Amino acid sequence: MIVVHHLNNSRSQRVLWLLEELGLPYEIVRYQRDPKTMLAPKALREVHPLGKSPVVVDGDVTVAESGAIVTYLLDRYGEGRLRPAAGTADARRFDYFMHYAEGSAMPPLLLKLVFLRMESAPVPFFAKPIARMLARGAQKSFVDPQLTLHLDYMESEIGKTGWFAGDAFTAADIQMSFPLEAAVSRGGLDATRPGLLGFLERIHARPAYRAALERAGDYDLVAKPAR
């Protein structure tokens with residue numbers, strides 16, 4: 001039985017979704033973020049030294065990092081599903097977006113989260129104006145322009161076929177879901193980019209996506225943006 005070590009409101013939601021798409025049985029071991037720090041509990045370090053989620057245990061195999069987990073599950077159980085045929089242009093796009101999701105799309109979203117928290121972090125009263133000035137300055141000069149750049153790029157790419165790796169839904173779309181849901185939450189993704197919003201509507205309507213939500217619960221990033 002596949003076991004998913006699942007942290008609420010995290011990338012591990014994608015792994016549950018993929019398992020539902022593949023129709024594989026699995027068990028969930030749940031972990032909750034600290035309500036103040038929003039960090040994962042130390043108990044996850046007993047599963048993996050970094051104490052991060054997702055982690056999948058399949059028999060004597062333990063796999064961390066969502067992209068590596070997706071690749072492992074497709075290689076072992078996919079039987080050719082949810083990925084383009086090897087050697088094709090779509091397969092190259094598939095590989096690209098599997099890496100782009102975490103390697104390029106997520107870093108500015110993480111920086112945005114850090115600086116937003118920096119603005120409201122508890123600091124001595126005399127330091128608050130400085131902290132806010134630094135946080136807002138970094139967002140205006142670097143983070144927000146990077147978010148705009150990436151959102152414009154993704155809007156252009158999704159407009160080609162409606163999916164990220166060819167004209168059919170693949171696991172690359174699962175991998176890309178988290179940065180786009182995070183972008184709705186804090187990255188400025190709104191009605192000015194209808195292609196990306198349409199993509200989110202399509203994936204949120206998938207039965208496997210909804211089944212994964214029901215199994216896991218507590219995933220706030222699914223909220224729809226204002227139009």
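A residue is classed as buried when its relative accessible area is under 20%. In this predicted model, glutamine 175 has a relative accessible area of 1% and is therefore buried. The residue belongs to helix 5, which spans residues 171-187. Beyond its neighbours within four places in sequence, glutamine 175 is in contact with Arg14, Ser66, Gly67 and Val70, as well as with Phe97, Met98, Ala101 and Glu102.

Serine 104 gives a second case. Its place is in helix 3, residues 89-120. With a relative accessible area of 30%, serine 104 is partly exposed, because that class lies between the limits of 20% for buried and 50% for exposed. When residues up to four places away in sequence are not counted, serine 104 touches His99 and His150. Arginine 93 is separated from serine 104 by 11 residues in sequence, and the C-alpha atoms of the two are 15 Å apart in space.

The sheet was examined next. It is open and is formed by 4 strands in the order 2-1-3-4, with mixed pairing. Strand 2 (26-31) and strand 4 (61-64) stand at its edges; each has a single partner strand, so one side of each lacks a neighbour in the sheet. On average, neighbouring strands of this sheet are turned by 20° against each other, direction ignored. The pairing of strand 3 (residues 55-58) with strand 4 is antiparallel and extends over 4 bridges. Within this pairing, valine 55 has alanine 64 of strand 4 as its bridge partner.

Helices pack against these strands. Helix 2, residues 66-78, lies across strand 1 (2-7), strand 3 and strand 4, and runs at about 135° to strand 4. Helix 7, residues 207-216, also packs on the sheet, where it touches strand 1 and strand 2. The direction of helix 7 makes about 50° with that of strand 2.

The nonpolar interior was considered last. The largest nonpolar core contains 59 residues, of which Leu73 and Leu189 touch the most other members. Apart from its neighbours within four places in sequence, leucine 73 is in contact with Ile2, Val15, Leu18, Leu19, Leu22 and Gly78.

Methods. Residues numbered from 1 in each chain as written. Predicted model: local features only at pLDDT ≥ 70, side-chain atom pairs only at ≥ 80, totals over all residues. Heavy atoms only, no water. Pairing = 2+ DSSP bridges. Helix = DSSP H or I, 4+ residues; strand = E, 2+ residues; numbered from the N terminus. Axes fitted to C-alpha atoms, helices over the stretch in contact; angles between N-to-C directions. Contact = heavy atoms within 4.5 Å. Buried < 20%, exposed > 50% of the residue type's maximum accessible area, 1.4 Å probe, protein only. Core = buried A, V, L, I, M, F, W, Y, C linked by side-chain atoms within 4.5 Å.
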